[in-house]
Amino acid sequence: YGVAMLLIGVVLAREIYICERFDAAKACSLIATNDIQAVTLVPLMLQRMLKVNPAALSSLGCIISGSALLPPTVAQATIEQLGEKLFNLYGTSEAGFCIIGTPAIISRKSASIGKPILGVQARIVNDSGTVLGKNEIGQLWIRSSWTSNQQSWIPTGDLAYRDGEDDIFLCGRVDDMIVSGGENVYPVEVENILAQHPEIEAVAVIGIADAEFGQRLKAVAIRKAGATLDPTALQEWLKPRVARYQMPAIIDFRDDLPYTSLDKVDKKALRA
């Protein structure tokens with residue numbers, strides 16, 4: 001993702017600013033001082049810059065988020081504070097850039113990753129490869145005109161669905177889905193709801209073994225500074241917003257979440 005964006009900047013003959021490491025305050029200062037027009041980042045970087053100094057980002061006309069799932073709360077905050085400048089870019093190592101959520105789409109559907117870009121086809125299939133209908137969750141497959149085998153469909157490993165307007169929504173990785181009491185449960189749906197709580201800074205939801213239901217959900221959350229939220233209060237807040245089988249069996253508050261070197265939440269570390 002980073003190398004691709006670097007090459008695009010070179011092809012366009014644009015002035016490029018590169019930082020060895022990300023620091024939210026320094027990034028905001030760099031953008032404001034140099035009147036930078038476009039920035040490529042992962043959602044966590046955007047979230048931190050909005051928290052530090054959103055006014056410093058006023059020169060930006062294009063914010064491209066990629067490489068990790070864009071939380072709807074971050075998308076909404078970006079639009080509210082900076083306007084319709086945010087693009088949500090989805091791609092895989094095998095298929096390259098595939099799908100893009102434009103500012104017009106994100107402003108209406110903050111959880112959507114948008115539509116396939118020119119030259120890309122997307123389909124959502126079940127385990128046997130049968131194409132599913134609208135609003136049915138299945139595996140996202142991609143075929144594009146610039147892969148080595150243009151006739152082959154490439155499984156992305158992600159779960160997704162299309163709405164009535166053919167906009168695509170991710171439901172997490174195939175191996176993230178759990179079956180609880182016979183119901184398919186997608187942790188990302190619960191994450192998106194929990195992230196809307198005014199006292200939650202960040203949250204991750206994983207599956208854990210359960211003797212009665214087979215699997216249940218566990219939520220690991222970080223409170224905002226000064227928040228006094230406890231697990232019981234959060235469960236009460238969550239009850240009218242999710243189905244019973246989506247309710248986390250455990251809510252664990254921590255000081256931080258583990259992240260990979262690419263600034264994605266490290267769910268393998270949480271499961272371990």
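This tour moves through the model selection by selection, from the sheet to a helix, then to one serine and the cysteines.

The model is predicted, so local features are described only where pLDDT is at least 70 and side-chain atom pairs only at pLDDT 80 or more, while totals for chains, interfaces and linings use all residues. Residues are numbered from 1 along each chain as its sequence is written, and side-chain values use heavy atoms, with hydrogens and water left out.

**The sheet.** Begin by selecting the strands, which, like the helices, are DSSP runs numbered from the N terminus (E, at least two residues, for strands; H or I, at least four, for helices). An open sheet of 9 strands appears, in the order 1-2-3-4-5-9-8-7-6 and with mixed pairing, where two strands count as paired if DSSP finds at least two bridges between them. Its edges are strand 1 (38–41) and strand 6 (120–125), each of which pairs on one side only. From one strand to the next the twist averages 40°, with axes taken as lines fitted to C-alpha atoms, for helices over the stretch in contact, and angles running from 0 to 180 degrees between N-to-C directions.

**Strands 6 to 9.** Select strand 7 (residues 138–144) next, where 5 of the 7 residues are buried, that is, under 20% relative accessible area, as against over 50% for exposed and in between for partly exposed (1.4 Å probe, protein chains only). Strand 7 is joined to strand 6 by 6 bridges in the antiparallel sense, and leucine 140 is the bridge partner of isoleucine 124. Strand 8 also runs antiparallel to strand 7, over 4 bridges, with isoleucine 142 partnered by isoleucine 154. Continuing to strand 9 (residues 168–173), one finds 4 antiparallel bridges to strand 8 (residues 154–162), and tyrosine 161 standing opposite phenylalanine 169.

**Helix 2 and helix 3.** Now select residues 24–34, which form helix 2, and colour Ala24, Ala27, Cys28 and Ile31, which are buried. Viewed down the axis of helix 2, the buried residues fall within an arc of 100°, so they line one face of the helix; the arc is that of the directions from the helix axis to the C-beta atoms. The face turned away from this buried side carries the exposed residues Lys26 and Thr33. At the start of helix 2, a side-chain oxygen of aspartate 23 comes to within 3.2 Å of the backbone nitrogen of alanine 25, and after the helix comes aspartate 35, with a positive phi near 55°. Add helix 3 (43–52), which is included in what covers the buried residues of helix 2. Helix 3 lies across strand 1, strand 2 (62–65) and strand 3 (86–92), running at about 120° to strand 1.

**Serine 112.** Centre on serine 112 in strand 5 (residues 112–116), a buried residue with a relative accessible area of 0%. Its side chain reaches the backbone nitrogen of glycine 114 at 2.9 Å and the backbone oxygen of isoleucine 168 at 3.0 Å. Leaving aside residues up to four places away in sequence, serine 112 touches Asn88, Ile105, Asp167, Ile168 and Phe169, contact meaning heavy atoms within 4.5 Å.

**The cysteines.** Finally, how many disulfides does a search of the whole structure find? The search finds 0, a disulfide being a pair of cysteine sulfur atoms within 2.5 Å. For cysteine 19, the nearest cysteine sulfur is that of cysteine 28, 11 Å away, and cysteine 19 counts as partly exposed at 47% relative accessibility. The sulfur of cysteine 62 is 17 Å from the closest cysteine sulfur, in cysteine 28, which is too far for a bond.

Methods. A polar contact is a pair of N or O atoms within 3.5 Å; within protein, one must be able to donate a hydrogen and the other to accept it, and residues adjacent in sequence count only if both atoms are side-chain atoms.
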